[in-house]
Amino acid sequence: MLALGAYMVFTSDSRGVLLGLAVMIMSYVFINAKGTKQRIIGICTAIGMAIILWMVVIPILPEDVSSRFSIQKIIKSHGTGRGDIWLSMLNTIKHSSWELMYGRGIFAYHEMMIDGKLMHVVAHNQFIQSLYNQGIPGIYQYDWSVPFGFNSNGKLVFWLGDLNYMDAQSQAILKGFNVDSDHLIIDSEFFQDQMNCMFSRPIKEKQILMNKDNFILNVKKKYNIDLTHLEKECSSQTENIGRPLVFTEQSISGVINAFDKVLVEGFDVGQLRELYKTLYTESERDAQYERWQSIRLIKEILLKWCEKLEDTIDVETLVSPLYILHDYRIYLDHLLSEEKQENTKMHIVETLGVQNFEEQEAIYFEEIERLDKLFQYLVLLSK
């Protein structure tokens, strides 16, 4: 049975399982050895077995399995890229305090560039994956595990039966925040994940970033024009983009700043002009187009693409969230006169159709909705 078990470990194609088996055997030897002599004998026996496995057993395994245990393969693959994945996930967690508190969703994937492609990956490490998906509460799941989510009213929901797994202190903390149920658990991603095994969709903030990348890719394929600009810097800024826990000017300022840098300044203006020149004949081009910056160029490009649509698209409204990003960033980061501050706030309120500037949550979600719609159009029209 021991030999059969060892053979199954090798043919499982998992180096982690093999490492775990080796650690288990060595631990058994040290725990049960009655003296130094027995420990030395145990270590020598383990080394002898390792040599036999390396020299005799591994070579007779199927080539696709044995190649994974070669030193060259292990060094080249960096543990099948897991070290790179762990560093990327931990770096993302480090730069996003709100996600550190409650994670990204039970079945969320991590997005990272691998060999020039945007890939969805998982950690292959339970502790890192739990911290990434469920935040700090997730790493305590080995004391008690309670999956949770948020419904369409923004209320935290979980199964009442899971209260039994919590310690008394945790129950007492939660009790102070308990509210009457609004019975909206079925329409939550939590319910779909738990009951229907449906993966959570990326939050809209991340979807906007993905659509920006898709837009750039479409333009590259169709027109051979590369709109990318300061890729490394943009990638760094995306780590600051995520949904805030609370909605105040201070709490959303980081997201607004990052979005403005990535979605407004993150395009090569010269290449946007080349796209404009490609779409418009010389007689159609505006005399001042060489002075235009990214937002105006995107607007004019959209106007040309929308000409082929049957339905009329209000392009001015469609690009309005880009102007709002720019205005908001100036308001937050620049020293303005009180009159200029009030005018900027009024413009934001009127453009987004909210009641007043103090409604930061309404402003934030309306801005995100409009950005999402804009970049969906950019992706569809650029195909």
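Helices here are DSSP runs of H or I with at least four residues, numbered from the N terminus. Keep that in mind as you work through this predicted model.

**Exercise 1. Get your bearings: how many helices and strands does the protein have, and what share of its residues is buried?**

Solution. Start with the secondary structure: there are 19 helices and four strands. Next comes burial. A residue is called buried when its relative accessible area is under 20%, and 37% of the 383 residues fall into that group. Then look at the surface, where the protein exposes about 23400 Å². Carbon and sulfur atoms supply 58% of that area. Finally, check the contacts: of those between residues at least 6 apart in sequence, 64% join residues at least 24 apart.

**Exercise 2. Find Met-55: which helix holds it, and is it buried or exposed?**

Solution. Go to helix α3, which covers residues 36-60; Met-55 is found there. Now for the accessibility: Met-55 has a relative accessible area of 59%. The cut-off for exposed is over 50%, so Met-55 counts as exposed. Last step, see what Met-55 takes part in. Together with Ile-43, Ile-47 and Ile-51, Met-55 makes a nonpolar surface patch of about 380 Å².

**Exercise 3. Tyr-331 and Phe-357 form an aromatic pair: what kind is it, and why?**

Solution. The structure holds twelve aromatic pairs, so let's pick this one apart. The ring centres of Tyr-331 and Phe-357 are 5.3 Å apart, and the planes meet at 80°. Planes over 60 degrees apart count as edge-to-face, so that's the label for this pair. Where do the two partners sit? Tyr-331 is in helix α17 (residues 320-333), while Phe-357 is in the loop between α18 (338-352) and α19 (360-381). They are 26 residues apart, and the pair links distant parts of the chain.

Now check burial on both sides. Tyr-331 has a relative accessible area of 11%, so it is buried. Phe-357 comes in at 5%, so it counts as buried too.

**Exercise 4. Stay with Phe-357: which residues does it touch, beyond its neighbours within four places in sequence?**

Solution. Begin with the list: Phe-357 is in contact with Glu-249, Tyr-328, Tyr-331, Lys-345, Ile-348, Val-349 and Ile-363. Then zoom in on one of them, Lys-345. Phe-357 and Lys-345 are twelve residues apart in sequence, but their C-alpha atoms are 6.3 Å apart in space.

**Exercise 5. Which rings have a lysine sitting over them?**

Solution. Look at Phe-267 to begin with. The charged end of Lys-212 sits over this ring, 5.2 Å from its centre. Phe-267 also belongs to a cluster, linked by ring pairs to Phe-215, Tyr-223 and Trp-305. Now move to Tyr-280: Lys-304 lies over its face, at 4.7 Å from the ring centre.

**Exercise 6. Salt bridges: where do the partners sit, and how accessible are they?**

Solution. A bit of background: side chains of opposite charge can pair when their charged atoms come close. A search of the whole structure finds eleven salt bridges. Let's take three of them in turn.

*Glu-369 and Lys-204.* Their side chains meet at 2.5 Å, N to O. Glu-369 is in helix α19 and Lys-204 in helix α11 (residues 204-223), 165 residues apart, so the pair links distant parts of the chain. Glu-369 counts as partly exposed at 39% relative accessibility, and so does Lys-204 at 30%.

*Arg-329 and Asp-260.* This salt bridge has an N to O distance of 2.9 Å. Arg-329 is in helix α17 and Asp-260 in helix α13 (residues 249-263), 69 residues apart. Arg-329 is buried at 18% relative accessible area, and Asp-260 is buried at 0%.

*Glu-274 and Lys-277.* Here the N to O distance is 3.5 Å. Because the two are three residues apart in helix α14 (residues 269-279), about one helical turn separates them. Glu-274 is partly exposed at 35%, and Lys-277 is partly exposed at 30%.

One step remains: salt bridges that share partners join Asp-260, Glu-265 and Arg-329 into one network.

Key: Residues are numbered from 1 along each chain as its sequence is written. This is a predicted model: local features need pLDDT of at least 70, side-chain atom pairs count only at pLDDT 80 or more; totals for chains, interfaces and linings use all residues. Side-chain values use heavy atoms; hydrogens and water are left out. Buried means under 20% relative accessible area, exposed over 50%, partly exposed in between (1.4 Å probe, protein chains only). Contact means heavy atoms within 4.5 Å. Accessible areas come from the Shrake-Rupley method with a 1.4 Å probe; for residues, only the protein chains shown count as cover. Patches are made of residues with over 30% relative accessible area and no salt bridge: like charges are joined within 9 Å, nonpolar side chains (Val, Leu, Ile, Met, Phe, Trp, Tyr) within 5 Å. A salt bridge is a side-chain nitrogen of Lys or Arg within 4 Å of a carboxyl oxygen of Asp or Glu. Rings of Phe, Tyr and Trp (its six-membered ring) pair if their centres lie within 6.5 Å; planes under 30 degrees apart count as stacked, over 60 as edge-to-face and the rest as tilted. A charge sits over a ring if NZ of Lys or CZ of Arg is within 6 Å of the ring centre and within 35 degrees of the ring normal.
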